[in-house]
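User: Please take a close look at one part of this model, the surface that the protein turns to the DNA. I would like a connected account rather than a list.

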Number of protein chains: 2
Amino acid sequence: MIMKVSSVSLPTIKRLPSYLHILRQSLEEGHENISSAYIARALHLEAIQVRKDLSATGISGQSGVGFNIAGLIKHLEDFLGWNNSRDAFLVGCGNLGVALMGYEGFRERGLNIVAGFDVDKNKIGKEISGKKIFSLEKFPDLLERLHIKIGVLTVPQNRAQQVAAYMVESGIEAIWNFTSIRLDIPEHIIVERVELECSLAVLSSRLREKNEESAEDFSGVKV
Amino acid sequence: MIMKVSSVSLPTIKRLPSYLHILRQSLEEGHENISSAYIARALHLEAIQVRKDLSATGISGQSGVGFNIAGLIKHLEDFLGWNNSRDAFLVGCGNLGVALMGYEGFRERGLNIVAGFDVDKNKIGKEISGKKIFSLEKFPDLLERLHIKIGVLTVPQNRAQQVAAYMVESGIEAIWNFTSIRLDIPEHIIVERVELECSLAVLSSRLREKNEESAEDFSGVKV
DNA sequence: TAGATTGTTAATCGATTAACAATC
DNA sequence: TAGATTGTTAATCGATTAACAATC
């Protein structure tokens, strides 16, 4: 068995959604083909990087012409698995959970949240954006019956580890983790964490830099 | 004027919050010092990387002993500006906005959301997690009066660019962008986008790989 | 044919990792 | 002193960028 850990690098994969964004926009504007230079300009990247990324996903353009937009969209969506959407359960119907259940954009990106789960009796039985909320107890049973593989984790921090373990026990294969907890679960389970903290760290440090710069302005400049 | 674009690399900055996490945990457990090897083990990193990262922020440990935990926490929080929390406004009090306004963790990370803004008359005047919601019209005035520098953007996708422009006009200095829109605003404004789509792309492609692997299992193995 | 744009091969750059002397 | 751990210097690795022949 060949055990390749993806031939496509993480930085490349992370840029693909932004390419799709530009491509869809461009298609709507009535264009048929697009060049790597055009995509690069729109995203403040280098054309060669765009070409390298695209070729890594296994598509090739046409010399002198560029890439067929519709074909490229189809190809990238296929590559990401965003064409045939996968069903998912969401656990933790707080404000964040409700926000995610109502977000239309996920379905276009291959993720279809079909139901929510919570422990709060006031929430159980209700519907959010047309999706029913079940008792967490029903999770294992429904997971099996609906052949769900993906769980979205939006519970409070202090419940995260415990609930994640329960999801794994129930047979989940992948967890999209919206908590800041680094889950301790078996290696074979796919876990992707949304790194809010990292994003805030970058924002914070850029703000700090800016402050230091303007402080330098005052100290360094002779009036 | 020296215009250094930060001596500390982005990958390093993004790892700092996880270091803080381990450090706080370790302090609670009653430890006084910690080694780079310990931190690395807890985060599945290499000890040398932890040391390199920490030294990049300008702190040094003690040979044979490690780092003083309390001192290191203080240092990293200072570095990120997470000690003295900065006030921020949040624009767009939908489910996501409400979720963020109620999240306790931000204050510990230097971000204090003090008020929300919305265009929905039903929301204006109400309070969420003890924070008042104002009409978006009041944004520029309150921004100036309270000396707010940071705006959290949680409006619907189709309003994002327009609202962001309004925030810039009003004098905002930094935007934490929770929409998937790449904002087109002046260079000198700090924009940090939470890359939900990228995270989903990584999850998707890992799922696809896993599928392909198990498909190979079946095709490759002779029964 | 001339112009545009691709994909390949090589060069550069920056981040990670290794080795190890210095220090507590 | 022996053991643990740091920080420095050098080596490696992988991603980005450059150069350019090939192609439409």
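Analyst: What follows covers the protein surface near each DNA strand, then the relation of the two protein chains, and last some local details.

This is a predicted model, in which local features need pLDDT of at least 70 and side-chain atom pairs count only at pLDDT 80 or more, while totals for chains, interfaces and linings use all residues. Residues are numbered from 1 along each chain as its sequence is written, chains are lettered from A and ligands numbered from 1 in the order in which they are written, and side-chain values use heavy atoms, with hydrogens and water left out.

A residue counts as near a strand if one of its heavy atoms lies within 4 Å of it. Around DNA strand C there are 23 residues, and those that come nearest are Ser36(A), Arg51(A), Ser60(A), Gly61(A) and Ser63(B). Sugar or phosphate accounts for 56% of the atoms of DNA strand C within 4 Å of the protein, and bases for the rest. By class, the surface near DNA strand C has five nonpolar, 13 polar and five charged residues; here Ala, Val, Leu, Ile, Met, Phe, Trp, Tyr, Cys and Pro are nonpolar, Asp, Glu, Lys and Arg are charged, and the others, Gly among them, are polar.

Polar contacts are pairs of N or O atoms within 3.5 Å; within protein, one atom must be able to donate a hydrogen and the other to accept it, and residues adjacent in sequence count only if both atoms are side-chain atoms. Gly61(A) approaches DNA strand C through its backbone, with an N or O atom 2.4 Å from a phosphate oxygen. Lys52(A) places a polar side-chain atom 2.9 Å from a base oxygen of DNA strand C. From chain B, the side chain of Gln49(B) has an N or O atom 3.2 Å from a sugar or linking oxygen of DNA strand C. The elements that give two or more residues to this surface are helix 3 (47-56) of chain A, and helix 1 (10-28) and helix 3 (47-56) of chain B. Helices (H or I, at least four residues) and strands (E, at least two) are DSSP runs, numbered from the N terminus.

DNA strand D also has 23 residues around it, with Ser63(A), Ser36(B), Arg51(B), Ser60(B) and Gly61(B) coming nearest. Of its atoms within 4 Å of the protein, 56% are sugar or phosphate and the rest belong to bases. The surface near DNA strand D divides into five nonpolar, 13 polar and five charged residues. Lys52(A) has a side-chain N or O atom 3.1 Å from a base oxygen of DNA strand D. Phosphate oxygens of DNA strand D lie 3.0 Å from a side-chain N or O atom of Arg15(A) and 2.7 Å from a polar side-chain atom of Ser36(B). Two or more residues each come from helix 1 (10-28) and helix 3 of chain A and from helix 3 of chain B.

As for the two protein chains, chain A can be laid on chain B by a turn of 180° and a shift of 0.0 Å along the axis, with an RMSD of 0.0 Å; the fit is by least squares on C-alpha atoms of residues with pLDDT of at least 70 in both copies. The copies are thus related as by a two-fold rotation axis. Both use the same surface, since 100% of the contact residues of chain A recur in chain B, where contact means heavy atoms within 4.5 Å.

Away from the DNA surface, some backbone details can be added. Ser129(B), which is not glycine, has a positive phi near 50°, and lies in the loop between strand 5 (127-128) and strand 6 (131-135) of chain B.
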